[in-house]
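Please look at the sequence and the structure below before reading further. The paragraphs after them are meant to be read with both in view.

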Amino acid sequence: MSGFFQHFTMSLRLHRRNRMALVYGYLFPLIFLGAFWVLYRHESVPLLQHMGELLTVSVLGGACFGLPTTLVSERERGVWRRYRLLPAGTWSVVLSTVLARYVLLLTAGLLQLGVALAVGMTLPAHPLDLLVAFTFVAGAFIGLGLVIAMLADNVPAVQALGQCIFLPMLIIGGVAVPLASLPPWAQHVAAFFPGRYAVEALQACVTGPGWSGVRFDLAALAVIGVAGAIAGAKLFRWESGQRFAAVGGKPWLAAALAGWALVGAAAEWRGHVAPVAVEADRARLAAPAQQPWETVTDDDVARLDFANLPPDYGVVAPIAGPDEKPSEDMDRQLGQIESRLATWPAGRVADLRQRTLNLLCLAALPDLVQNPVERWMPGIVFDRLELSMPRRQLVQILTWIALHPEEGQVLVDLSAVGIHGVGTEAGVRERVRWYAIKFVARLTGRVEP
Amino acid sequence: MSASVTVKDLRKRYGRVEALRGASFEVAAGEVFGLLGPNGAGKTTTLECLVGLRQPEAGELFIGGIDARRRPREVREKIGVALQSTALPDQITPREALRLFGSYYRERSEPAVLLERFALREKADARFASLSAGQRHRLGLALAFVNRPELVVLDEPTAGLDPSSRVELHAEIRRMKADGHTVLLATHYLEEAEQLCDRIAIVDAGRVVATGAPGELIAAAAARHTVNLVTRRPLPREGLAACVDLAAIGGEGTRLVFQTAEPTQTVAALLACVTDAGAGLVELTVRQATLEEVFLKLTRTRDAGAETTNEGGVS
């Protein structure tokens, strides 16, 4: 027991001293997190809906690349040959190595979770269940990593084998691409991969009912993990001289594959192929519970002062008519602005009212500073707003803005999208209000668009 | 003499190659025993079977009365092993390695004691990757002593070491013997075997072809002494036939080499022969056989196609 504990703590210490191991173990998961944040930062609660995928990718990388790379490189150098001379069983040395890897994966996962919380994610719904699910996921992938380590004769072979498992799992295994986005045939294939069960189990603990709702997934992970661990132990090689081709116990490889096949067959039989609908905690996702603009009624809309708006053809709050065509130069300039809007952060903020307000500023500021694009921007803004949300919701938000012109932040400088000229806040707010009412008039049929 | 190690009819095959073909020998408690043989003779395979790194197909292996094939973990408790090269994780320090390896044994020495004994105190906290070949070798030996072993198994302990490290290691092996350890070492350095070992077994082609103390082996295998004769002019063959066995004559012309069991009589006869023929004596020396000659003679038997097996003596 003393040897087991010493080897466990020593493995952790040696990992800490290895710079490359730290990069792969901790920096890469953070890079994944950064990539996910860039992709999903505009969701109401950033990353919350993707923690299952994120943690699975990290565990998959650490267990399928990190663990076998360490094992195989030490075996190649003769370190394991020296361990074999100890009066310890195979299980003792392998188990302490595996346990150390679990701790490394867990700390990497906690680091990811901590950073995610720092960038705005809310706490997982069931933290303790998440720990249980994480343990099952780590166990399944560590079992897989052991099999890779025993199959690979050298470190390059680990990379090749790891990629053969890692990439398909990401793309059609339900890890990086959501199962719901995959065609039916790919969903059937994914049922045989542990990746989808890992994502479902973890996500259920973050936003769903906890582990009680994903018992099948946990059982699937357990079967795959145990089959992999047994096969890994039976195929265990202490020396690099023992090539896989010459090692006994190859039928145990079939045991590992049988685990995957068994899980896939059970999923088909029990109708578990389609993605599990993890019912999100609405209150958690839609924070706060109800937005003020959601209280806007048709009566509020009717109260808007449609009668006293500046005319569209005038110089204040103008909107180009359907027959007006921009010049070639103007058309080019508008095209440049539109291409910048595609990546304009203010146009994708999670708060729908603020996002609408930001977009209205694109019409209001050019009018205020008499930028030549002033007649054309309202049309562009209207089209973007109409595409971004349901009409009813848009009417409510625009009405709210028109009735509460003092709320929210307005943009007085839009040079980031190529609209030059700086306006006053009061001037922008006034024009935002006019355009909001004009847009409501079009959306509710009071004026022809 | 109670046997500390008993190896009987050990057989091991690698695919079609028969590495061990019934090797047998015994090592007494407290002695330094050497396995001597050319490369590929089966020395390392024998040791690897003994310490449990390889599974023999047949044969008996007992260490301190324990069946090493049936109870390898029990055997590993009692033995210390230093392989040809010691591989450890790059980031581990000698102190940590000694603590880690010691933690697996019931009996263990303090790392500080071993660091001092094997001259590693100054490198106690240096990373393994930064150690020199000699320091790694000494750490390998220190690890072999971490469990206060009854038997120390050393595979080619001085291979790749510089002369001063080799001298230090020889002194250490002598100290092991003085401390009461049984030492089993494999080497292909004849001088090393002759200097260090109480007894040796010459291994060739997977078999033990001779066992005994170096002096006994020399005496038994080289019953004939070597006589070198240098004359000014060549001796006539007919004159020589009267005093020595012509079949035992080597060399030619003025330089001749004789093998004889009776050096005194042969030298007297040769001197008479040289005087009678007026060949003019330049040099006449008599030399007892060396272990190297014994070794070459025994291991060349294989090349000649003869298969010689002799336990406890020379064929």
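The following explanation moves from a sheet to a pair of helices, then to the cores, two backbone details and the contact between the chains.

The structure is a predicted model, and a sheet in chain B is a convenient place to begin. Six strands of chain B form this open sheet, in the order β6-β7-β8-β3-β9-β10, and the pairing is mixed. Strands β6 (79-82) and β10 (207-212) of chain B stand at the edges; each has a single partner strand, so one side of each is left without a neighbour in the sheet. On average, neighbouring strands are turned by 15° against each other, direction ignored. As background, strands of a sheet pair through backbone hydrogen bonds, either parallel or antiparallel. The pair formed by β6(B) and β7(B), where β7(B) covers residues 151-155, is parallel and has 4 bridges. Within this region, Ala82(B) has Leu154(B) of β7(B) as its bridge partner.

Helices pack on this sheet as well. Helix α1 of chain B (residues 43-51) touches β3 (32-36), β6, β7, β8 (182-187) and β9 (199-204) of chain B, and its direction makes about 145° with that of β7(B). Helix α6 of chain B (residues 163-178) lies across β3, β7 and β8 of chain B and runs at about 150° to β8(B).

Chain A offers a packing of helix against helix. Helix α3(A), residues 51-77, and helix α6(A), residues 127-151, pack at an angle of about 35°, with their axes 8 Å apart. The crossing of these two helices, α3(A) and α6(A), is right-handed. Which residues of α3(A) and α6(A) meet? Those from α3(A) include Leu55(A), Val59(A), Ala63(A) and Leu67(A), while those from α6(A) include Phe134(A), Val137(A), Phe141(A) and Ile148(A). By class, the contact of α3(A) with α6(A) has 17 nonpolar residues, 2 polar residues and no charged ones.

Helix α6(A) leads on to the nonpolar cores. In soluble globular proteins, nonpolar side chains tend to be buried together. The largest nonpolar core here has 155 residues, and those with the most contacts inside it are Val137(A), Ala201(A) and Leu202(A). Helix α6(A) gives the most to this core, with 16 residues. Leaving aside residues up to four places away in sequence, Val137(A) touches Thr56(A), Val59(A), Ala198(A), Ala201(A), Leu202(A) and Leu221(A). Another core, of 40 residues, lies apart from the largest one; among its members are Leu304(A), Val395(A), Ile419(A) and Ala436(A).

Two residues of chain B deserve attention for their backbone angles. Asp9(B), which is placed in strand β1(B), residues 3-14, has a phi near 50°, a positive value in a residue other than glycine. Is Asp9(B) buried or exposed? Asp9(B) is partly exposed, because 13 other C-beta atoms lie within 10 Å, and a residue counts as exposed at 12 or fewer and as buried at 20 or more. Ala119(B), found in the loop between α4 (111-117) and α5 (133-144) of chain B, also is not a glycine and has a positive phi of about 55°. With 14 other C-beta atoms within 10 Å, Ala119(B) is partly exposed.

Finally, the two chains meet. In this contact, 19 residues of chain A touch 21 residues of chain B. On the side of chain A, helices α1 (2-17), α3 and α4 (79-84) each supply at least two residues. Helix α1(A) gives the most to that side, with 7 residues. By class, the side of chain A that touches chain B has 7 nonpolar, 6 polar and 6 charged residues.

Conventions:
Residues numbered from 1 in each chain as written. Chains lettered and ligands numbered in written order. Predicted model: local features only at pLDDT ≥ 70, side-chain atom pairs only at ≥ 80, totals over all residues. Pairing = 2+ DSSP bridges. Axes fitted to C-alpha atoms, helices over the stretch in contact; angles between N-to-C directions. Contact = placed C-beta atoms within 7 Å. Left-handed = near helix turned anticlockwise from the far one by under 90°. Nonpolar A, V, L, I, M, F, W, Y, C, P; charged D, E, K, R; others polar. Core = buried A, V, L, I, M, F, W, Y, C linked by C-beta atoms within 7 Å.
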